[in-house]
Protein chains: 2
Amino acid sequence: MSKKENILKAATLLFATNGFKDTSMTEVAHMTGTASGTIFYHFTSKEELFLSVLSSVKDGILEEFSQYFRDKEFANGLEMLEESVSFYLYLASSKTEWFLLLHRYYPYKLAKENPACRRFLEDIYNCFVDIFEKALAQGQADASIVKLSPRKTAMLILSTVDGIVRFKNCNLYDAGALYNELIATIRRMAANQN
Amino acid sequence: MSKKENILKAATLLFATNGFKDTSMTEVAHMTGTASGTIFYHFTSKEELFLSVLSSVKDGILEEFSQYFRDKEFANGLEMLEESVSFYLYLASSKTEWFLLLHRYYPYKLAKENPACRRFLEDIYNCFVDIFEKALAQGQADASIVKLSPRKTAMLILSTVDGIVRFKNCNLYDAGALYNELIATIRRMAANQN
DNA sequence: TTAAAAACTAACTGACCAGTCAGTTATTCT
DNA sequence: AGAATAACTGACTGGTCAGTTAGTTTTTAA
């Protein structure tokens, strides 16, 4: 792995666990066994380093989802919805740093003044909402899901799973313990019982 | 209002909008028209100031909810649930600073090493969950709500509304636009249709 | 009235940190 | 080989910030 990639990886971990302000360039340098000057050779500023991190997280998330759905077949929309939610939770537990980073306030603060940052965040959240929406729409087509607004319901589902993951990352309560209830709730809320 | 209360109020606003690290004691001092030394006369450290802020936010939230439910009557558990959710959203929009503060990572990070901080956060979230749980349990008693685990479902509902508020505060999408869908979803998910 | 206590001030300190720069080492290409 | 470029280094700088302190003003109470 190149030194630049190493720096990016270390920065992802540090920004995710300690936050932007509480991560010093010296720390990133130390973790990668480089001089602090080297980081500024590869990245013009701390902010640019953060944007690179966010960009790579975005790429990672989009890639993971496209790979997961590439050759997946679902019996119906409801099943697709449930499996999408499961995959989201699985991803959140296997790529903790990504979600920790997204649950910090800094990216959203930066997005207010930096269009590129805003774009990354929108790409990420649209990816999530799009998948849930697609499942809901498909479910309505195949009659596995009741009549509802696919987009808005997708946003609500994202709010729920994202909320669960956030509470877990904040050590407030455990996501795993809620899994069965979550799936049951989604079924009660969306399934078409005829 | 005493100078100490003024400092607390300014600190709440600054910690909520800029975060812990991005708020300097000089800034707090400037906003309250005092010397920075005065803050250290009233609060031993920046961390203690933050804890005082969190404590007052906790008191505020508990007070608001106990006041709202003091002399409220509900037709049944389902109605209570819906109105609790509505009140949560109302509070989040009228006391923005409180929820901005709770949507930052710093309090949860501090909670890991500071039991008092952890206690404040638990009190706040238990307050929320308890109310939803009480509504669900009442709804099961009066048959307005289906069979489900009240505690876990209450947590899921909190995840959803908290997620919505967070997305709104992060400027990702608007809570108001989802309100009708949220109530409809809660009804589909919890209402007992006989 | 006055003395003690509480509240407040502003200059100061030491630590830290993002970013620079002048110079060194490694790589590539002819 | 040797020149040119890319990658890397680490000491240094200017600025910021939490917290201190010695001294001043205000309040309290006897």
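Helices here are DSSP runs of H or I of at least four residues, numbered from the N terminus. The model is predicted.

**Figure 1. Surface near DNA strand D, with helix α3 of chain A as its main contributor.** Helix α3 (residues 36-42) of chain A gives the largest share of this surface, five residues. Among the 14 residues around DNA strand D, those that come nearest are T38(A), Y41(A), H42(A), M25(B) and K46(B). By class, the residues of the surface near DNA strand D are four nonpolar, eight polar and two charged. Sugar or phosphate holds 72% of the atoms of DNA strand D within 4 Å of the protein, and bases hold the rest.

**Figure 2. Close-up of phosphate oxygens of DNA strand D and atoms of A35(A), T38(A) and M25(B).** A polar side-chain atom of T38(A) is 2.6 Å from a phosphate oxygen of the strand. For M25(B), a backbone N or O atom lies at 2.8 Å from a phosphate oxygen of DNA strand D. A35(A) likewise presents a backbone N or O atom, 3.1 Å from a phosphate oxygen of DNA strand D.

**Figure 3. Surface near DNA strand C, with helix α3 of chain B as its main contributor.** Four residues of this surface come from helix α3 (residues 36-42) of chain B, which gives the most. There are 13 residues around DNA strand C, and M25(A), K46(A), T38(B), Y41(B) and H42(B) come nearest. Of the atoms of DNA strand C that come within 4 Å of the protein, 76% belong to sugar and phosphate. The residues of the surface near DNA strand C comprise four nonpolar, seven polar and two charged.

**Figure 4. Close-up of phosphate oxygens of DNA strand C and atoms of A35(B), Y41(B) and H42(B).** Y41(B) places a polar side-chain atom 2.5 Å from a phosphate oxygen of the strand. H42(B) also has a polar side-chain atom at 2.6 Å from a phosphate oxygen of DNA strand C. From A35(B), a backbone N or O atom lies 3.1 Å from a phosphate oxygen of DNA strand C.

**Figure 5. Interface of chain A and chain B, with the salt bridge between D162(B) and R166(A).** In this interface, 41 residues of chain A are in contact with 41 residues of chain B. About 4,000 Å² is buried between the two chains, and carbon and sulfur atoms give 60% of that area. Six salt bridges are found across the interface. In the one formed by D162(B) and R166(A), the closest N and O atoms are 3.0 Å apart. Residue pairs in polar contact between the chains, both at pLDDT 80 or more, number 24. On the side of chain A that touches chain B, at least two residues each come from α1 (3-18), α6 (96-102), α7 (106-111), α8 (115-141), α9 (150-169) and α10 (175-190) of chain A. Helix α9(A) gives the most, with 13 residues. The residues on this side of chain A are 19 nonpolar, eleven polar and eleven charged.

**Figure 6. Positive phi at N171(A) and N171(B).** Most residues other than glycine have a negative phi. Phi of N171(A) is near 60°, a positive value, and this residue lies in the loop between α9 and α10 of chain A. N171(A) counts as partly exposed because its relative accessibility is 39%. In chain B, phi of N171(B) is near 65°, again positive. The loop that holds N171(B) runs between α9 (150-169) and α10 (175-190) of chain B. With a relative accessible area of 39%, N171(B) is partly exposed.

Terms used. Residues numbered from 1 in each chain as written. Chains lettered and ligands numbered in written order. Predicted model: local features only at pLDDT ≥ 70, side-chain atom pairs only at ≥ 80, totals over all residues. Heavy atoms only, no water. Contact = heavy atoms within 4.5 Å. Buried area = accessible area lost by both parts, 1.4 Å probe. Salt bridge = Lys/Arg side-chain N within 4 Å of Asp/Glu carboxyl O. Polar contact = N/O pair within 3.5 Å; in protein donor to acceptor, adjacent residues only side chain to side chain. Nonpolar A, V, L, I, M, F, W, Y, C, P; charged D, E, K, R; others polar. Buried < 20%, exposed > 50% of the residue type's maximum accessible area, 1.4 Å probe, protein only. Near = heavy atom within 4 Å.
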